[in-house]
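Visitor: Please pick one part of this molecule and take me through it closely. I would like to see what surrounds it and how that links to the rest.

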Amino acid sequence: MLNTYVDNGVVPGLISLVSRGDETHLQVHGRTAYDGPDLERDSLFRVSSFTKPITAAATMLLVDDLQLSLDAPAADVLPELANPVVLREPDGPVDDTVPAERAITVRDLLTFRLGLGESGNPGLRQAEEELGVRTFGPPIPRTDLEPDEWMRRLGTLPLQYQPGEHWLYATGSHLLGVLISRVSGQPLEEFLRERLFEPLGMRDTGFTAADPARLTTAYVGDDVLDTAAESQWLTPPSFPDAAGGLISTVDDFHAFTRMLESGDLLSREAVAEMTTDQLTPVQRAGSLDFLGPDTGWGYGVSVGDDGRYGWAGGLGTLWSTTADGTISILLTQRALWTWPEELFAEASAPAW
């Protein structure tokens with residue numbers, strides 16, 4: 001069914017994987033680009049928002065290590081978030097603010113309830129653009145800012161909502177990347193490699209393409225977004241994007257999803273926290289177009305009313321794990337927002 005979209009030229013290629021327990025079914029079909037070589041099982045994809053659950057899991061490793069407390073103020077590690085101010089009205093001017101009613105916590109960052117994120121407030125979006133700290137959309141082009149300067153600038157912004165009041169996408173993951181680095185005393189990628197990637201055998205996952213020859217080309221519709229030959233992922237970033245910056249393979253990401261099911265590396269309590277809906281109906285209100293009416297949010301993952309959890313990568317990837325442990329992963333090179341509606345509907349069904 002999915003391969004027909006390759007045969008019809010909708011996507012240049014795809015890799016689909018379904019597993020449960022020790023049984024795995026995998027298909028590799030198409031090319032790395034419309035005019036490229038054949039896609040291979042170990043081809044490299046820009047997995048974009050698949051980065052978010054990896055970042056959340058890394059945060060929970062520090063919680064398991066007792067180096068972080070979920071309900072501690074994030075400003076203990078990120079002083080740039082101390083004493084935040086909040087827009088008097090969510091759609092009001094950026095200079096009309098009130099003090100925050102409470103501190104932003106680590107849990108707020110994980111659940112995207114810190115009060116800052118993808119915003120419909122034009123003034124706030126303009127301020128983010130001017131400061132160079134816009135956090136929504138494809139991670140192209142990268143920022144040239146180093147993490148400390150990025151944090152300093154972001155800390156000058158008002159929050160759109162009071163901490164804990166409302167779910168807003170994405171910015172929490174960027175902040176967690178800086179927090180992980182500061183708590184661990186290591187660059188973010190070094191910590192991820194030491195504590196997650198190497199133990200799980202994720203040898204090809206990182207913020208830089210491990211092998212440029214295996215990198216796919218990314219498209220928005222039929223237009224090239226990022227070519228393999230000139231990709232920004234061929235050089236290390238100044239600011240490791242903990243929300244959408246990782247490159248990975250189907251086997252690497254499968255290893256990560258299996259870890260969440262097996263309880264290896266992370267405690268069972270940590271995985272349960274990650275994969276449990278953390279939102280109230282009020283916090284979810286206004287985000288239904290993004291999350292859907294039957295979907296909430298855990299830590300870095302969406303959580304369905306049917307027990308399914310997972311997420312999508314905007315540059316063309318989907319993942320879900322169902323209540324019975326069936327894992328479905330689909331990797332393509334075409335941005336999700338340009339998929340035909342029927343492809344999105346069919347690919348969103350777990351265990352094709």
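Guide: Start with a rule for length: the expected span of a helix is 1.5 Å times one less than its number of residues. Keep in mind that this is a predicted model. Our part is helix H6, residues 171-184.

Test the rule on this helix. How far should the 14 residues of H6 span? At 1.5 Å a residue, the answer is 20 Å, and the end C-alpha atoms of H6 are 20 Å apart, so the two values agree. Just after the helix comes Gly 185, which has a positive phi, near 70 degrees.

Now ask about its surroundings. Is H6 mostly covered or mostly open? H6 is mostly covered, with 12 of its 14 residues buried. Among these buried residues are Gly 172, Leu 175, Leu 176, Val 178, Leu 179 and Val 183. Thr 171 and Ser 184, too, are on the buried list. The cover comes from several places, including H2, helix H3 (106-111), helix H5 (147-154) and helix H7 (188-200).

Zoom in on two residues. Ser 173 sits in H6. The cut-off for buried is under 20% relative accessible area. Ser 173 has 1%, so it counts as buried. Beyond its neighbours within four places in sequence, Ser 173 is in contact with Lys 52, Thr 55, Phe 112, Ala 242 and Ala 243.

His 174 also lies in H6. Its relative accessible area is 6%, so it is buried too. Which residues touch it from beyond four places in sequence? They are Thr 135, Trp 150, Phe 239, Asp 241 and Ala 243. With Asp 241, the side chain of His 174 makes a polar contact of 3.3 Å. A polar atom of the His 174 side chain also lies 3.3 Å from the backbone oxygen of Ala 170. Compare sequence with space: His 174 and Pro 147 are 27 residues apart along the chain, and their C-alpha atoms are 9.6 Å apart.

Follow one contact outward. Thr 55, a partner of Ser 173, belongs to helix H2, residues 51-64. Thr 55 is buried, at 2% relative accessible area. Counting residues more than four places away in sequence, Thr 55 touches Ser 173, Leu 176, Gly 177, Ile 180 and Ala 242. Four of those names, Ser 173, Leu 176, Gly 177 and Ile 180, are also on the buried list of H6.

H2 leads us to the core. In soluble globular proteins, nonpolar side chains tend to be buried together. Here the largest nonpolar core has 71 residues, and Leu 196 and Leu 266 touch the most other members. H2 gives the most to this core, with eight residues. Now look at Leu 266. Apart from neighbours within four places in sequence, it is in contact with residues including Ala 57, Met 60, Leu 61, Met 259 and Leu 260. A second, separate core has 13 residues, among them Val 11, Leu 14, Leu 336 and Leu 343.

Two of the contacts of Leu 266, Met 259 and Leu 260, are buried residues of H8. Apply the length rule again. The 13 residues of H8 (250-262) should span 18 Å, and the end C-alpha atoms are 18 Å apart, so the check works here as well. After H8 comes Gly 263, with a positive phi near 85 degrees.

H8 takes us to a sheet. H8 lies across E1, E2, E11, E12 and E13, and runs at about 155 degrees to E13. The sheet is open, with seven strands in the order E2-E1-E13-E12-E11-E10-E9, paired antiparallel. Its edges are E2 and E9, each of which pairs on one side only. On average, neighbouring strands are turned by 15 degrees against each other, direction ignored.

End at strand E1. Seven of its eight residues are buried, so E1 is largely enclosed by the rest of the structure. Eight bridges join E1 to E2. In that pairing, Leu 17 stands opposite Leu 26. These two strands form a hairpin with two residues between them, and Gly 21 in the turn has a positive phi of about 60 degrees. E1 also pairs with E13, over six bridges. There, Leu 14 has Thr 332 as its bridge partner. That same Leu 14 is a member of the second core.

Note on methods: Residues are numbered from 1 along each chain as its sequence is written. This is a predicted model: local features need pLDDT of at least 70, side-chain atom pairs count only at pLDDT 80 or more; totals for chains, interfaces and linings use all residues. Side-chain values use heavy atoms; hydrogens and water are left out. Helices (H or I, at least four residues) and strands (E, at least two) are DSSP runs, numbered from the N terminus. Buried means under 20% relative accessible area, exposed over 50%, partly exposed in between (1.4 Å probe, protein chains only). Contact means heavy atoms within 4.5 Å. Two strands pair if DSSP finds at least two bridges between them. Axes are lines fitted to C-alpha atoms, for helices over the stretch in contact, and angles run from 0 to 180 degrees between N-to-C directions. A nonpolar core is a set of buried Ala, Val, Leu, Ile, Met, Phe, Trp, Tyr and Cys residues joined through side-chain atoms within 4.5 Å. A polar contact is a pair of N or O atoms within 3.5 Å; within protein, one must be able to donate a hydrogen and the other to accept it, and residues adjacent in sequence count only if both atoms are side-chain atoms.
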